[in-house]
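Morning, everyone. Please have the sequence and the model open in front of you. I will talk about helix packing, and then about cavities.

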Amino acid sequence: MNTLLVRNFKSFFVESRFISLVVSIAVIALRFLMFLKKGLPDFPVDSTGFIWPYIEPVFQQNPLISFLASTLSIFIISYLLSELNVRYGVIRMRTAMPFYVPLIFFSVHPFFLKMTPDFAGLIFVLWALFPLLASYQYHHSHRFAYQFSALITIAGIFQIHTLLFLPLWLIGLSAMGGISFRSFIASVFGVILVFWIVFVFYVFGDNISGFIGPFKDLAKIYDFTQLSGFTVPQWGFIGTALLFVFFLIIADSKQITRERSFTKKVLIFSISVILFSILLQVLYLTLSLVWIYVIIAFLSIVVAHFYTNTTFRLEILSYFVVLMLLAFYYSLNIFTDLSPF
């Protein structure tokens, strides 16, 4: 549908070389404004990892460093998603969306102003996507299995719950056509190698219990015999957010069916990660929030694919509606205390 709206949308919001720069400057300004207005949110950081308890005091004593580290993290996340698309051609059309969409999503709430181990964990989880996608139709996949297993394990050093993604990556390797007994052993070796290095440090520090502690946290799920304590507006916000996620997945599924095999597998895998993360967020509820970070990152891939390929007027208009809703939510968070969370 070659209308003026479609052409302008493609020119200025999809293919433009300057939209990433404009959004980057705007995001930095908006994050600084939120930081100056609200400061860092006061919530306990989930320290179920091996490294974070030792570096967290630096961020606690220096809020500005925490803010700058979180801002740098979202740009690294955006770069990884963009580079993933450029290197493997996930979205066949030229698009800047994989870079700037996550920047926007991670900048509308003060929650993401604070540096947490979830940011570090997510960076390594996204990094682990590179060897997974590189394994597509590659006969000697054991090298890639070792690489992504080691990367996910490093993510687990920061945030132990990210280890639960390892089985999903192995399933993804199978979908890419490269699973074998040798690649499975290589993935196990990648996990053991990283944890062996960590274990050695804890042995020399005479702190074996500190090494075992994060694994105990991994086994803890939310006690569903207790009420969650969420208010009605909070449940309404959660329901609305889930509807938004499922709407985008369903809307993009129509385009996914028309894609080539590789793109189809990457997008289905991304959707699987989103659904798996939603399930884990339900199981852990308030005990761990890393799943929210993962959902936002992988949802950015789906959003970028959907809006890059669409040519329907209503779907393009929905893009601007989403932007306005995000701007409204940002304003609600920075100028009022009416935000549900």
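**Helix packing and cavities**

Let's start with one pair of helices: H6 and H14 make a right-handed crossing. Keep in mind that this is a predicted model. The axes of these two helices come within 9 Å and cross at roughly 45 degrees. That angle makes H6 oblique to H14.

Who makes the contact? From H6 come Asp-118, Phe-119, Leu-122, Val-125 and Leu-126. H14 answers with Val-290, Tyr-293, Val-294, Ala-297 and Phe-298. Now sort the residues of this contact by type. Nine are nonpolar, none is polar and one is charged.

Next, another partner of H6. Helix H6 covers residues 117-127, and helix H8 covers residues 142-158. At what angle do H6 and H8 pack? It is about 180 degrees, and their axes are 8 Å apart. Angles over 145 degrees count as roughly antiparallel. H6 and H8 are therefore roughly antiparallel to each other.

Look at the residues in that contact. On the H6 side, find Pro-117, Ala-120, Gly-121, Phe-124, Val-125 and Trp-127. On the H8 side, find Leu-151, Ile-154, Ala-155 and Phe-158. The split here is nine nonpolar, one polar and no charged. Spot Val-125 on your screen: it is in the contact with H8, and it is also in the contact with H14.

Now the cavities. How many of 30 Å³ or more does a search of the whole structure find? Two.

Take the largest cavity. It holds about 130 Å³ of space. It is lined by 14 residues, and the closest to its centre are Leu-81, Leu-84, Asn-85, Val-90 and Ile-301. Which helices supply at least two residues each to this lining? They are H4 (63-88), H7 (129-134), H13 (261-284) and H14 (290-309). The lining has 12 nonpolar residues, two polar and no charged.

On to the second largest cavity. Its volume is about 110 Å³. Its lining includes Tyr-100, Val-101, Phe-244, Leu-248, Val-303, Tyr-307, Tyr-319 and Leu-326. Two or more residues each come from H5 (97-105), H12 (232-256), H14 and H15 (313-335). What kind of residues are they? The count is 12 nonpolar, no polar and no charged.

One helix to remember is H14. It crosses H6, it helps line the largest cavity, and it helps line the second largest cavity. Trace it on your own screen.

Key:
Residues numbered from 1 in each chain as written. Predicted model: local features only at pLDDT ≥ 70, side-chain atom pairs only at ≥ 80, totals over all residues. Heavy atoms only, no water. 1 Å grid on protein atoms, 1.4 Å probe; cavity = no way out; pocket = protein on both sides within 12 Å on 5 of 7 lines; lining within 4 Å. Points joined across faces, edges and corners; volume = space filled by probe spheres on them. Helix = DSSP H or I, 4+ residues; strand = E, 2+ residues; numbered from the N terminus. Nonpolar A, V, L, I, M, F, W, Y, C, P; charged D, E, K, R; others polar. Axes fitted to C-alpha atoms, helices over the stretch in contact; angles between N-to-C directions. Parallel < 35°, antiparallel > 145°, perpendicular 65-115°, else oblique. Contact = heavy atoms within 4.5 Å. Left-handed = near helix turned anticlockwise from the far one by under 90°.
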